[in-house]
Each structure stands twice: as structure tokens, then as C-alpha cells.
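Reader: Got a minute to walk me through this model? I'd like to hear about the aromatic pairs and the core.
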Amino acid sequence: MASKLGDMLVKAQLISEPQLEEALKIQRREGGKLGSIAVRQGFCSDQDIVSFLGMQYGVPAADLDQWPLIENAVIALVPAELANKHKVLPLQRSGNVLTLAMSDPTDIFAMDDVRFHTGYNIDPVVSSEMGLVRGIERYYGGSSGLRLRDDVAGGKRTGSGGASSEPIAPNAFNQNAFDDAADGALDLKELENELEESDTEYEAFEEEENINAAALAKGSEEAPVVRLVNMVLIDAIRKGASDIHVEPYEKSYRIRFRIDGLLTEVMRPNIKLKDPVTSRIKILAKLNIAEKRLPQDGRIKLRVNLGGQQKTIDYRVSILPTLFGEKIVLRLLDSDKLMLDLTKLGFEPESLQQWDRQISKPYGMVLVTGPTGSGKTNTLYSSIAKLNQTDVNIMTAEDPVEFNFAGINQVQMKEQIGLNFAAALRSFLRQDPNIILVGEIRDFETAEIAIKASLTGHLVLSTLHTNDAPSTISRLMNMGVEPFLVATSVNIICAQRLIRRICVNCKAPDPHQPPAEALLKIGFTEAEVGKGITIMKGMGCDICSKKGFKGRVGLYEVLEMSETMRDMILTGASAMELREQSVKEGMITLRRSGCRKVLDGVTTIEEIVRETVL
């Protein structure tokens, strides 16, 4: 059959006779499908192979790179391990028929396996093997192509293809170097099979009432568990994730990555892995593996070798007991991704000018507000990085300290011994500071000390959790701070959100442009609508994993305090009145900031509507 395909390719003048001979030699030497070898050698394209396979097998051909987005419910019908095992991908379901993309539609065993698992009749379509590999990676995630190397443990390899039975020593893990290789796929099913054959009785320590710390530690150091945890930690870096969620449920166990602000499921390990994986992560983070009733927080630090480049990655670990086990969230802190240039964060030019003017003042309070994960820390770090000079003393109180900066005195909060924001602020005032950064104003005591510090010759930067800039004033007064203190101390307030940025590689005009009435309701001005607005969108490409978005950009609402605003605060004006006045004075709201980024082709209407209100 392979020679038949080769003859057809030669007959169509897609490959030459010498190329066919070379491909057949490689096939005899290494195995594999002739079509995949021809594509890999650059003799022809994936689309050529798909068309010829359709002719060869007499079934419809599907180019997966051009196929519409497959529904999650359809993907969920076929588990990742089954899709990887047979190199198949479910495309759509109609009644009791499941359309299945296969590289070999005559593979009865694969169709029977999928039919038995799903209960649906199988309608095969043919696709190229390389297209299927890309499709499986896109929809199921996974970490095929990872090979991990433990330099500290004597160079023993823990990737696939002969995993070492020696676990990575917990105290040596922080110095591991990981190789990003293109081969050596690590199969989840293989890990689960190894787990089944392991001597460790994982079920023995699933009961809360009888926690065996020795059994937990032994289970966490089994080779499959070590490899799985390593794989997840490194794959999160490769995919550009900001958080890893490891979540136990009654009958399932899943791992999700937060990529560009949205959670994506990447794996569903066997539920038997729940306790060993949790214990492994606890050991790496130097936490108590026997404590399952209370929340715990820790940190993992890795030195990573990706593509020949050495990187240091911190993982902030939070463990929370839930109904069916401990949920783990790891926040990735990659210093290389920290953007310290204020001009590249997404500020509008006039807003950035106001911000620069106020953070350059010798005293007063500068506040950044927004929900968790909106980029507040990045804005504050960018600001103090700009102010970091040899002639100023900068002190920060953070919980936790996310990134280290030379020339800045950073203090980690430790509530258990009484070192909180208020206590740190009192000590700072005896350390001759010029600039103070307080991680968050959470209570009246911290707010009062921070405000008094800003009134006695110090520039104080901090964060609050409020919905917009004007409501920050009301929040401070609700904490118990007197209006006259707020009016005299606050220089500027910045509310912010993060939205997804359109992929620049596949950006094109949206074929479905909204009507003028809808644009006006969203927040565009009549002048903007009158000139004509072209809405852009990402069409989906390999760079953005067919999502149409790559990276994120900030929306900023900057409220600079004027004398009129200060007088209104003293007379007890509401947040709504303060908002109306600030807009009159030229404040760009979050929604308007989003509209301007839509006009610039940076993001989409759906993104700004999801994160902002009029």
C-alpha cells in the first residue's frame, strides 16, 4: 500500500523517483508511514498527502489545519490516552455517529476501541499523521516531546524511553536542568501503567483518618509520579501558562493551565495519582506532607534549560483542602516575562503622562486597583524600577515577594510571627525611606499608617481591590479613614484589567462587522462610528494554537486628583459623582481604554465587554 501511495505521488509529479527511493530507504530503516516521511523530508506538503490518502482509501479527506474548531463535548468523548494511542481525533457527532479522523481508516482495531469506549458508530475520514499529531496536541494539550534530565542525580534520565527508577532527590530538585527536546514523548497511559505495577499501595494512604507519612513520601518518589510532576511543571512554561490548577473530584482528577487569562484543561490523570502527586508537590515546596486538614503555602524554585537558554522559574504553591482532596494552585513567576517598561503595558499616552507626573512627586499616595490577576504587581514593579536610583531608599512590604530587584529593600510578610503590613510600615519609617511600596492595603491600621507616611514626606505606592478608580475613595473611607486624610494624601489612582491581545500573525478584518447602533451602545463615540470602524480578529494559526489570541495587554483607568475632586471628597461626594467629575476632567475609563484598543486593532469587542462595564 505504501508503494502504491508512492507511485501515485510520483505519477502526479509531487515527488520524484529519487525522492521516493530515499523515502523508502528511510521507511525500511526507521519504520513509519511513507506519507509522513515524505512530508518530514520536505518532498511534499500535508495537504498533498491528505488528498492522496482520500483517493487511496476511498473515504473523505480532512485537512485538520483548516478544520473548524471542534466542540469540547466532542473532544471529551475520546480520552487523550486513546487519541494518542491510535493517533485519532474526533471531529463531530451526529446522532449516534462519531466522525473520526484517522491516518489509516482501515485500522479496524482502532475503530473498535473507540466504538467500545464511546458507544457510537464510527464514520472514518482520513488525515495526515502529522496533522493528527498537531490536532491532538492542540485539543488535548499534553507534553509530547519532553525529555527531562536530572543533572544532580548523576545524569540519570527520567524522560520516556527507559525511565530511571531512581527518583529525583527532593532537596536537589531546585538545581535540576530540564532539556527541551523534540523527541522522547512521555505518554500519560505509560505513566499510569507503571503506577499500577508499582509496589506502593496508593490506596493504603487515601484515608484521612490514618495518614502514613512514610507511605506518602515513598509514593511521591515513585518514578512515574516524579516524571508526571516534572512534565506538568515544564509544560506550563512551554505553553506560557500563568497558573497550574491541580483539582481532585469524587471520581476524577484534572489539571488545568491558565493561559492568557483563561483556564484550559490539559490532562486527566488516573485518580490513583491524586495523593502521590500532592505529596510530591508538597515535598518540592518543603511543606508538611502529613497535614491534609489545613491550607499550606510554599514555593518551588527551578533552574530550567529551554532551547539552550537557562531560566530560573519560581512556582508559588497554594494548597487548599477540599471535599475530595487537596486542590493545588501553582503560580508561575517568570522574571523574563516581567515587563518593566511602562510604555509597553498598554497605557494611553495621556494616562501614562499623568502617571509619570505623579510617581515622580516626592510625597503622596499612589494606588493601583483591580481584581486578582489584573497585573497590579507588574504596574507597581515597573513604577519602582523607573524610580530606582542610587540617591533614593526604596522599601517594599510584600506578601509574597514575587520578584527580586537589586537596589530595593524587599520584606516578606510573615503573619504567623506578627510581621504584617502594619508592623512592617512602622519599621520602615525608622529606616529613612524615600519610597515605600505596600503590597496591599487590607485594613484600617495599614491604611492609616500608609496615609500618614505619605503626608510626612514619603511616596507610598500600594494596591486595593475595587472595581474602578473613583470607588477607591469610598473604599478607603469605608475602612475608617477620615475624608480629609484621603483628600490630602492621594495623588493618583489607577484601575486596571488584563485582556487578550489579537495574534499579530493571523490578524485580519472580522468578516462580521457590527452595525453602527451596536458600536454606539458598546461605548464608541459618534465621531468614531461616523469615520468607519474596522474590527479586527485573529483567524487562528499555529503560533496562537488556532485561538486567534496571543499574549495580553492592559486596560487602564487613571484618575489624577484635582482641587475640585479634593473638595468633592471633603463634602462627602459619592463614587458616582466623583466618576462623573473625573470623566469631565478627561479621565479615560476602562471601557474607553478598551474601545481605543479595538480601534487600534489590538483586541476584540468581546474581550472588552467581558472585562469592563459602561
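Author: What follows goes through ring pairs, one helix and the nonpolar cores.

Author: This is a predicted model, where local features need pLDDT of at least 70, side-chain atom pairs count only at pLDDT 80 or more, and totals for chains, interfaces and linings use all residues. Residues are numbered from 1 along each chain as its sequence is written, and side-chain values use heavy atoms, leaving out hydrogens and water.

Reader: Cool. How many aromatic pairs does a search of the whole structure find?

Author: The search finds 4. Rings of Phe, Tyr and Trp (its six-membered ring) pair if their centres lie within 6.5 Å; planes under 30 degrees apart are stacked, over 60 edge-to-face, and the rest tilted.

Reader: How are the rings of F347 and Y556 placed?

Author: Their centres are 3.9 Å apart and their planes sit at 15°, so the pair is stacked. F347 is in the loop between β11 (325-334) and α13 (349-359), and Y556 is in strand β20 (residues 549-560), so the pair ties together parts 209 residues apart in sequence. Helices (H or I, at least four residues) and strands (E, at least two) are DSSP runs, numbered from the N terminus.

Reader: Is F347 buried or exposed?

Author: F347 is buried, at 8% relative accessible area, and Y556 is buried too, at 3%. Buried means under 20% relative accessible area, exposed over 50%, and partly exposed in between (1.4 Å probe, protein chains only).

Reader: And what about Y381 and F403?

Author: Those ring centres are 6.1 Å apart with planes at 75°, so that pair is edge-to-face.

Reader: Switching topic: which residues of α16 are buried?

Author: In α16 (residues 444-454), the buried ones are T446, A447, I449, A450, I451, A453 and S454. Their cover includes β12 (364-369), α15 (421-428) and β16 (459-464).

Reader: OK, the core. Which residues touch the most other members of the largest one?

Author: That core has 54 residues, and M365, L367, I441, V490 and F524 touch the most other members. A nonpolar core is a set of buried Ala, Val, Leu, Ile, Met, Phe, Trp, Tyr and Cys residues joined through side-chain atoms within 4.5 Å.

Reader: What does I441 touch?

Author: Leaving out residues up to four places away in sequence, I441 touches residues including M365, L367, A447, A450 and M479. Contact means heavy atoms within 4.5 Å. A second, separate core of 34 residues includes L233, A241, V266 and L284.
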